[in-house]
Amino acid sequence: MKPINIRLLAWYDSHARTLPWRVSPGEGRQGVLPDPYHVWLSEVMLQQTTVATVGPYFEKFIAKWPTVKNLAACDLEDVMKAWAGLGYYSRARNLKACADKVASEHDGKFPQTAAELQKLPGIGPYTSAAIAAIAFGERTTVVDGNIERVSTRHTANSTPLPQVKEHCREFMDRVTPADRPGDFVQAMMDLGATICTPRNPACSLCPINDDCQGHIQQIAEQFPVKAPKKPKPTRVGAAFVAQRPDGAIWLTKRPNKGLLGGMSVVPTTGWTASKNGATGYAAAPIVGDWIPHGHIRHTFTHFHLELEVWSAHVNMLPGDGWWSLQHQIGGEALPTVMKKVISAVADDLFKVPK
DNA sequence: AATTCGGGGAA
DNA sequence: TTCCCAGAATT
């Protein structure tokens, strides 16, 4: 039987997905490597985020900032606005910090080894290895969620995550070729995304099913084994949409660290396990004729949130913040939960093109 | 080693 | 609903 990398690369040459950050399949087969800036940007966006979600954001960023130097030259606030809705907002701040460092310390050229890349903000073990392999052809050992699934199934390894990750690394070190390492890791990831899927894997179509223990024993779907997850608690609070007579909405900025760090929000109460202290309009940032708009629900990584939504027409508010005019709101750095809140008051505000 | 970070698509 | 996604940083 041919080695795994031979079978996988042959499959990749005929089945590779065409994605915005990849070179064309024809170029790829001729050994053309993609732009490191594109690879880096896509890899950071793809951290815990699906290809379908990333696509439009990637296109928007490339159009707005064609090079890493362009990104370094812009304001962080513009990056936060462009990243709004994509989630995990520390990625956006690290993205900017990384661009600044590449521009100022490396003359706008990304380091070419995984070891050097990992010294940059927002680039960890996975992303450094992926960029080095895909953009520079280094024979690194890449392990992501797809590869964890493919490799644990191939070896029928029932060690639970995250301990099994080291075995996955050894598996990859054993099978990754020195020639076309970037295409190989992308082939592994495409395989995991399209055939070796979490549920109902299409084993009959898999190019490496002949020596896959998961397939042979008909137990592929049970890997990887994971520790049971904790239930998500629910937190509650109230949000206040203050509107000026001209329709502008009062926004404030979250601190740069923690949940929704650096993002723009309307004033809210604290988000607590249960209602405590002042609630409803009694907790509003200013006395006024607050009108109830029901509540919105939103789920974060580790808790559910239920927010009462209130609105009122006011002329001024205390504290730090600014009035955002209706035509500006779509361009603000608003996380999705805040778009839900504002939509509950003015449901047509985000239907206008940004 | 555990926890904290968003959001959306699929089943 | 639950799961999981081209994970990193922090504690």
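User: Why are α4 and α6 described as roughly antiparallel to each other?

Analyst: In this predicted model, helix α4 (residues 51-64) and helix α6 (residues 76-83) pack at an angle of about 150 degrees, with their axes 10 Å apart. Angles over 145 degrees count as roughly antiparallel, and α4 and α6 therefore earn that description. Their crossing is a right-handed one.

User: Which residues make the contact between α4 and α6, and how do they divide into nonpolar, polar and charged?

Analyst: On the side of α4 the contact is made by Tyr 57, Lys 60 and Phe 61, and on the side of α6 by Val 79, Ala 82 and Trp 83. Five of the residues in this contact of α4 with α6 are nonpolar, none is polar and one is charged. Lys counts as charged, and Lys 60 is among the α4 residues that make the contact.

User: What makes α10 and α12 a roughly perpendicular pair?

Analyst: The axes of helix α10 (residues 145-155) and helix α12 (residues 181-194) cross at roughly 80 degrees and come within 8 Å. Since the range from 65 to 115 degrees counts as roughly perpendicular, α10 is roughly perpendicular to α12. The contact joins Asn 146, Ile 147, Arg 149 and Val 150 of α10 to Val 185, Met 188, Met 189, Leu 191, Gly 192 and Ala 193 of α12, and these residues divide into seven nonpolar, two polar and one charged.

User: How do you know that α10 is largely enclosed by the rest of the structure?

Analyst: A residue is buried when its relative accessible area is under 20%, and nine of the 11 residues of α10 are buried, so the helix is largely enclosed by the rest of the structure. The buried residues of α10 include Arg 149, Val 150 and Arg 153, and what covers the buried residues includes α1 (4-15), α11 (165-175), α12 and α13 (213-216). Following α10 comes Ala 156, whose phi is positive, near 50 degrees.

User: Does Trp 11 count as buried or exposed, and what value decides this?

Analyst: Trp 11, which is found in helix α1, has a relative accessibility of 8% and therefore counts as buried, the cut-off being under 20%. Apart from neighbours within four places in sequence, Trp 11 is in contact with several residues, including Ala 187, Leu 191 and Pro 207.

User: Is Thr 301 buried or exposed, and what relative accessible area shows this?

Analyst: Thr 301 has a relative accessible area of 52% and is therefore exposed, because the cut-off for exposed is over 50%. This residue is found in the loop between β4 and β5. Not counting residues up to four places away in sequence, Thr 301 touches Tyr 88 and Lys 232; Lys 232 is 69 residues apart from Thr 301 in sequence, yet their C-alpha atoms are 8.4 Å apart in space.

User: What makes strand β5 largely enclosed, and how does β5 run with respect to β1 and to β4?

Analyst: Seven of the 10 residues of strand β5 (residues 304-313) are buried, so the strand is largely enclosed by the rest of the structure. Strand β1 (residues 234-243) runs parallel to β5 and is joined to it by 10 bridges, with Gln 243 standing opposite His 313. Strand β4 (residues 291-299) runs antiparallel to β5 and is joined to it by seven bridges, and Arg 297 has Glu 306 of β5 as its bridge partner. Four residues lie between β4 and β5, which form a hairpin.

Conventions. Residues numbered from 1 in each chain as written. Chains lettered and ligands numbered in written order. Predicted model: local features only at pLDDT ≥ 70, side-chain atom pairs only at ≥ 80, totals over all residues. Heavy atoms only, no water. Buried < 20%, exposed > 50% of the residue type's maximum accessible area, 1.4 Å probe, protein only. Helix = DSSP H or I, 4+ residues; strand = E, 2+ residues; numbered from the N terminus. Pairing = 2+ DSSP bridges. Axes fitted to C-alpha atoms, helices over the stretch in contact; angles between N-to-C directions. Parallel < 35°, antiparallel > 145°, perpendicular 65-115°, else oblique. Left-handed = near helix turned anticlockwise from the far one by under 90°. Contact = heavy atoms within 4.5 Å.
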